[in-house]
Amino acid sequence: MTPAGRCLRILWTARLPFLTLVATFVAAAAAVTACQPTLYSSQALLSVKAPPEVVAEALRTGRPQVGPDGRLYDANDPLRQSGPGRWAPRLTAPGLVTLAARDAGLLANTQSLDDRQAARAVTAEVIEGADLIRLTVWQATPDAAQKLAEAIVARGLEANRRDEAEVVAPEVRRRLAIVDAPTRPSAPSYPLRTVNLSVGFALGVLAASAFVAVRHVFRQA
């Protein structure tokens with residue numbers, strides 16, 4: 001008999017404990033998934049870049065442009081376009097998220113969010129090599145997720161307009177603009193039931209195979 005055949009024969013002989021262990025791991029994964037809260041995510045895509053006329057003037061004159069962060073601006077070098085890197089943390093700041101949640105009617109005027117609560121509700125990812133920010137908002141209902149995302153975007157745009165008014169030449173202004181408006185989720189984004197059950201099944205197969213192999217070795221000893 002080939003080695004593969006021997007392995008299959010051993011597994012078939014111990015099929016009952018093997019299937020029991022696999023079922024136990026899958027059931028544990030299902031239980032963990034059931035205990036996790038159901039969350040919906042609304043996403044928006046924002047751009048942060050200098051006005052086209054400013055970039056065109058810099059290219060025409062060849063003069064270096066300095067941004068509000070004190071770094072030289074280079075339209076062809078993503079590492080020197082620091083607009084998204086400056087704005088992403090501001091969109092997830094507890095103060096702005098708190099005000100946006102109040103605007104959306106999700107938080108009373110006397111309530112506020114701390115750093116941990118804001119981090120659980122909102123994330124902002126800077127897309128490498130581009131002037132884009134991917135904003136993701138997590139809430140218990142689709143309507144709440146979209147409303148909070150829209151309120152955060154509105155607050156961010158207003159803060160950007162306010163900051164823009166204070167920037168004077170030769171500093172480069174950076175405009176925050178909406179590329180994709182906040183989406184309305186149609187299905188829960190968390191927990192990932194299929195992924196959790198698949199992981200539970202895979203771990204169950206590994207654990208059951210190891211158990212059967214160890215048991216077979218001890219019985220042959």
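**Note on the four-stranded sheet and the cores**

1. Strands β1 and β5 pair in the antiparallel sense, with eight bridges between them. The model is a predicted one, and this pairing is a convenient place to start reading it. Within the pair, glutamine 43 stands opposite threonine 136 of β5.

2. On its other side β1 meets β6, again in the antiparallel sense, over five bridges. Valine 48 stands opposite leucine 176 in β6. As for cover, eight of the ten residues of β1 are buried, so the strand is mostly covered, where buried means under 20% relative accessible area.

3. The whole sheet is open and has four strands in the order β4-β5-β1-β6, with antiparallel pairing. The edges are held by β4 (122–126) and β6 (175–180); each has a single partner strand, so one side of each is left without a neighbour in the sheet. On average, neighbouring strands of this sheet are turned by 30 degrees against each other, direction ignored.

4. At the β4 end, β4 and β5 (residues 132–139) pair in the antiparallel sense over five bridges. Glutamate 125 has arginine 134 of β5 as its bridge partner. Arginine 134 also bears on glutamine 43: the two are 91 residues apart in sequence, yet their C-alpha atoms are 7.0 Å apart in space.

5. Glutamine 43 deserves its own point. This residue belongs to strand β1 (residues 40–49). Is glutamine 43 buried or exposed? Neither label fits: its relative accessibility is 35%, and because buried means under 20% and exposed over 50%, glutamine 43 counts as partly exposed.

6. Leaving aside neighbours within four places in sequence, glutamine 43 is in contact with Arg134, Leu135, Thr136, Ala181, Pro182 and Thr183. With threonine 136 there is also a polar contact between the two side chains, at 3.4 Å.

7. Helix α7 (residues 142–164) lies across β1, β4, β5 and β6 and runs at about 140 degrees to β5. The helix also matters for the next point, on the nonpolar residues.

8. In soluble globular proteins, nonpolar side chains tend to be buried together. Here the largest nonpolar core has 26 residues, and those with the most contacts inside it are Val122, Leu135, Val137 and Ile152. Two or more residues each come from β1, α4 (83–91), α5 (94–103), α6 (115–121), β5 and α7. The greatest contribution is that of α7, with seven residues.

9. Which residues does valine 122 touch? Not counting residues up to four places away in sequence, valine 122 touches Leu91, Thr92, Val97, Leu135, Thr136, Val137 and Ile152. A second core, separate from the largest, has five residues, including Ala14, Phe18, Val22 and Val212.

10. For the chain as a whole, there are eight helices and six strands. Along the sequence they follow the pattern α-α-β-α-β-β-α-α-α-β-β-α-β-α. Of the 221 residues, 32% count as buried. The chain exposes about 13,200 Å², of which carbon and sulfur atoms supply 60%. Among contacts between residues at least 6 apart in sequence, 72% join residues at least 24 apart; glutamine 43 and arginine 134, at 91 residues apart, were described above.

Terms used
Residues numbered from 1 in each chain as written. Predicted model: local features only at pLDDT ≥ 70, side-chain atom pairs only at ≥ 80, totals over all residues. Heavy atoms only, no water. Buried < 20%, exposed > 50% of the residue type's maximum accessible area, 1.4 Å probe, protein only. Contact = heavy atoms within 4.5 Å. Polar contact = N/O pair within 3.5 Å; in protein donor to acceptor, adjacent residues only side chain to side chain. Pairing = 2+ DSSP bridges. Axes fitted to C-alpha atoms, helices over the stretch in contact; angles between N-to-C directions. Areas by Shrake-Rupley, 256 points an atom, 1.4 Å probe, with all protein chains shown as cover. Core = buried A, V, L, I, M, F, W, Y, C linked by side-chain atoms within 4.5 Å.
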